[in-house]
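Biologist: Please take me through one part of this model closely, saying how each term is defined as you go. I would rather have one connected account than a list.

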Amino acid sequence: MSESNGATPVLSVRDLHVWFDLSEGRELHAVQGIDLDLLPGERLGLVGESGCGKTTSILAVMGLLPSSAAVAGQVMLNGTDIMAGGEDTVSPHRWKDIAMVFQGAMNAFNPVKRIGEQIAEPMRLHDVASGKEARKQVGELLELVGISANRQDRFPHEFSGGMRQRAAIAMALACNPKVLLADEPTTALDVMVQAQILDLLVSLTNELGLAMILVTHDLPVVAQVCKRAAVMYAGKIVEQGATDTLFHEPRHPYTRMLFQATPDLYGDDAVLSIPGAPPRLDRVLTGCPFAPRCDSAFHPCLLEAPEEREVGEAHVASCHRNDPAHAAEAAAVVV
Amino acid sequence: MSTEGTSAPLLEVKGLVTRYPVPRGIVGTVARRPKLEVHAVEGVDFTVAPGEMVALVGESGCGKTTTAQTVMRMVDHTEGEILFRGQDIGEMSAGQLQPIRRQMQIIFQDPYESLDPRFRVHDTVMEPLLIHGIGDNGKDRDERVLHALERAGLTPPDLFADRFPHELSGGQRQRVAIAAALVLEPSMLIADEPVSMLDVSVRAGILSLLDGLRRGGLGILMITHDLSTAAHFADRIAVMYLGRIVEEGPSREVVRNPRHPYTKALISVVPKRDPRMQVEPQILTGETPNPTLVPPGCRFHPRCPIAEARCTQTDPQLREPDGADEGHRVACILA
Amino acid sequence: MSTAVETAAQAELADQPISPRHGFIRSVVFGQPACFVGVSVVIAFTLIAIFAPLLEPYSVTQQVGKVYQPPSSQHWLGTDDGGIDVFSELIAGARVSMLVGFAGAAVAMLIGGLVGLISGFYGGKSDIFLMRITDYFLVIPDVPLMIVAAAIFGRSLTNIIIIIGVIYWTSTARLIRAQVKSVRERVYVKRARALGAGNRRLMRSHVLPQVTPLLIANTVLMIATAIFAETYISFLGLGDPSTISWGRMIQNSLQGGAIFYKAWWAIIPPGLMVTIIILASTMVGTSIEDALNPRLKVGHLSVRRFRLRPLVGRPGAD
């Protein structure tokens, strides 16, 4: 999809599925076949609300799911499927090629170990550096994220929230990965600190050629920082394309309604909530998962799940309204 | 847009100061360390009229939550007046406050913690009636409970009355909290970050509910860190920094024509929904200083991009700058 | 709000049955075999204690046989150093031990619960004051205190119960205080307070219900401690001389040289009884604690290793 502009993606996810075991033999189908492409130096936004499967998806890419999870699909890192052998093929690449900044990472530091020690830990574990060399690299990393190198001997409680988040980013970059997965990196931060962190992430991708997937529920953040975005709902990607297009020409009602539900600083349009709630994923659904809440649902929406269709350049969406076969019927239902 | 200006204000806060002592402990006392105080609120003036929504906006540590708690008398103030319907409630005893508490209610940020998990919805909404001895008999109280649930958008009310909180979604729980506040038929509502823990698609519903209540004559004081929400739903915005209001006025005016350098920076840094509407963010360096150490002169001067020498000497008061709309006040000598 | 959509969501909610409030006890007792066994044993022992006078085949004050007679069809557990039927003594002893156990635990729970509640709820000076007192009581060694108290106040059953209560309330106090403090900070308590609820209402409606299950679990565990303490006291010869308890039986057999006579029937049965009841109480107490605090289970610390599923022939493929 993004290969249309010639470059090869550094990370390609194809048909990724994740199931979680529930009691009494049931399963929760948390991720239902998602495809993603990430080019070097690109920032891709993965947007959705709670329970849509965005965090589970990137945890799956990292192979960080518990034993109650089953994964299927391909995760291509520079052309090689690292998911082919499960944990055994994923773990050599973990942190060295793909790294992650977890949700709430800034609160997950060990309070009794110095920051420098904690950032050096992945370096030691993955045989990247140790001892004096590690210390030097830690210093460089801290400078890279905007903390002075001599602060590596401090403890986490001596840092503010924003600085701890920077340290978490430094820890993710410890082994010089090509791909960074950031899960809600600015959610708990003040808007000014958020701006600082986003600025940092932008400069890291621009200067280091780092590819980044930014997982968030905050649409304006994605609008500001990511040129491309994928919108997730009920375990599937319902629309993917340039962020500009997603806002101005959305081709899935959820995308449009999600933007409409977000108040804008200057916009005067009414802010509308989306009634109802996402479907339960422990049952098999018929039809489009969004149909019950959709304001433009029509006949086929209740019967079959829509296919992912190309609706523009590097723009896909899964909605029956985009199907030329249903064009007449769709036009009859006025939005 | 608002009905203010014609009726007497519900709430008038004048020169409010709230300080917390920082405990020194035995070591500190023996070592004669200086007695530190957290200058949470340092001289705040604002009013809320019936049918008006005023938003207190700011980053963490600015004192907005403490202001709300002081107004509710959950915390004692150090100086200043809190006038509710003309009466000074700042000095009232607990017994005297009881009838006032009927009139002024609060909603908290966390819908998952706001409700006692052992109480059914019916019991939660009934509790305020029992505390204040309202209702002629059981049947009358039941009716009031159902009516409050309806006002909060939980229809049909009997569907929800017997449920436990864990059976409800975040948005529904918040509505229960709102119903518990409405059952006493207050004239004023304080909403402390009412939607920040809810999904985007649900937020608008709650905010519209609050807006509807406002149009019905309720005065609402909303505490939020989200400028976009404040800009969209509030009639007036007061921007707080380190215990002071640095700018206040009609929300449209403050957002489109900010005069204080802090407000300008904040607005530039808030991400916009529309990818094409991103402005160059004016990112301030560092983070909000420690509220125990307030800088001399203007408290913003260490981070202010246009600070001059005289800014370290004068502590500016709120005043109307030239060329601004009526009711728009700024605390900056350079505005 | 779109009515069609809301109705669908409500239909889903309406489908779920209204949760009963009292499923907790049932799930704990019947859900865990250990707890079920423990509860059965405790109930059995309690019944024995209540109906003791009816169950004793012989009098415990009269000599009915020779000294240290081995078990026979007439005397199931033989006789002790005074020629008294051991089996009767065992049953009588159940009465005293269980009484002291429950009563002692009740006193400890009352003192500890009250201290914890006041300390945790009001905080401030009362908290500091009460916690100092708790600390003092904590460091006092229990056995010397028992000896001194018995010497000063005399060796009656009531005194023993009071001593046990006074020694062992401290752990309850700390536990309850911690829980009360934590509940007091919950948003719904703050909200109720902001509504105008007084301290009494807050304690009664919001704090106590959260604290009671923990108190119950702690009290059950305390029963074990109290019974053991009574056994200890009696074994040391500080028990009430006019009553017979299991500890006293063990003391008698030691003093009467039962080992010399190889009279195992005088030594083992009382010790066994004490062990069983303590074990049973502990099983019940820990089961309740586990049910209240799921984080005590360590399962989530296992190594994460997800499973791989083949792409081909997968169910639910699109």
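Modeller: What follows begins with one pair of helices in chain A, then turns to the contact with chain B and to a sheet in that partner.

The model is predicted, so to speak of local features I need pLDDT of at least 70, and side-chain atom pairs count only at pLDDT 80 or more, whereas totals for chains, interfaces and linings use all residues. Residues are numbered from 1 along each chain as its sequence is written, while chains are lettered from A and ligands numbered from 1 in the order in which they are written.

The pair consists of helix 5 (residues 161-172) and helix 6 (residues 191-208) of chain A, whose axes come within 10 Å and cross at roughly 20°; helices (H or I, at least four residues) and strands (E, at least two) are DSSP runs numbered from the N terminus, and the axes are lines fitted to C-alpha atoms, for helices over the stretch in contact, with angles from 0 to 180 degrees between N-to-C directions. Helix 5 of chain A is therefore roughly parallel to helix 6 of chain A (under 35 degrees; over 145 is roughly antiparallel, 65 to 115 roughly perpendicular, the rest oblique). Their crossing is right-handed, meaning that the near helix is turned clockwise from the far one by less than a right angle, anticlockwise being left-handed.

From helix 5 of chain A, Gly161(A), Gly162(A), Gln165(A), Arg166(A) and Ile169(A) meet Val193(A), Gln196(A), Ile197(A) and Leu200(A) of helix 6 of chain A, a contact being two C-beta atoms, placed from the backbone, within 7 Å. By class, the residues of this contact are four nonpolar, four polar and one charged (Ala, Val, Leu, Ile, Met, Phe, Trp, Tyr, Cys and Pro are nonpolar, Asp, Glu, Lys and Arg charged, and the others, Gly among them, polar).

Helix 6 of chain A also takes part in the contact between chains, where 34 residues of chain A meet 34 residues of chain B. The elements giving two or more residues to that side of chain A are helix 6, helix 7 (219-225), helix 8 (243-248) and helix 9 (253-260), and helix 6 of chain A gives the most, with six residues. The side of chain A that touches chain B holds 19 nonpolar, 10 polar and five charged residues.

In chain B itself, seven strands form an open sheet with mixed pairing in the order 6-7-8-3-9-10-11, where strands pair if DSSP finds at least two bridges between them. Its edge strands, strand 6 (104-107) and strand 11 (329-330) of chain B, each pair on one side only.
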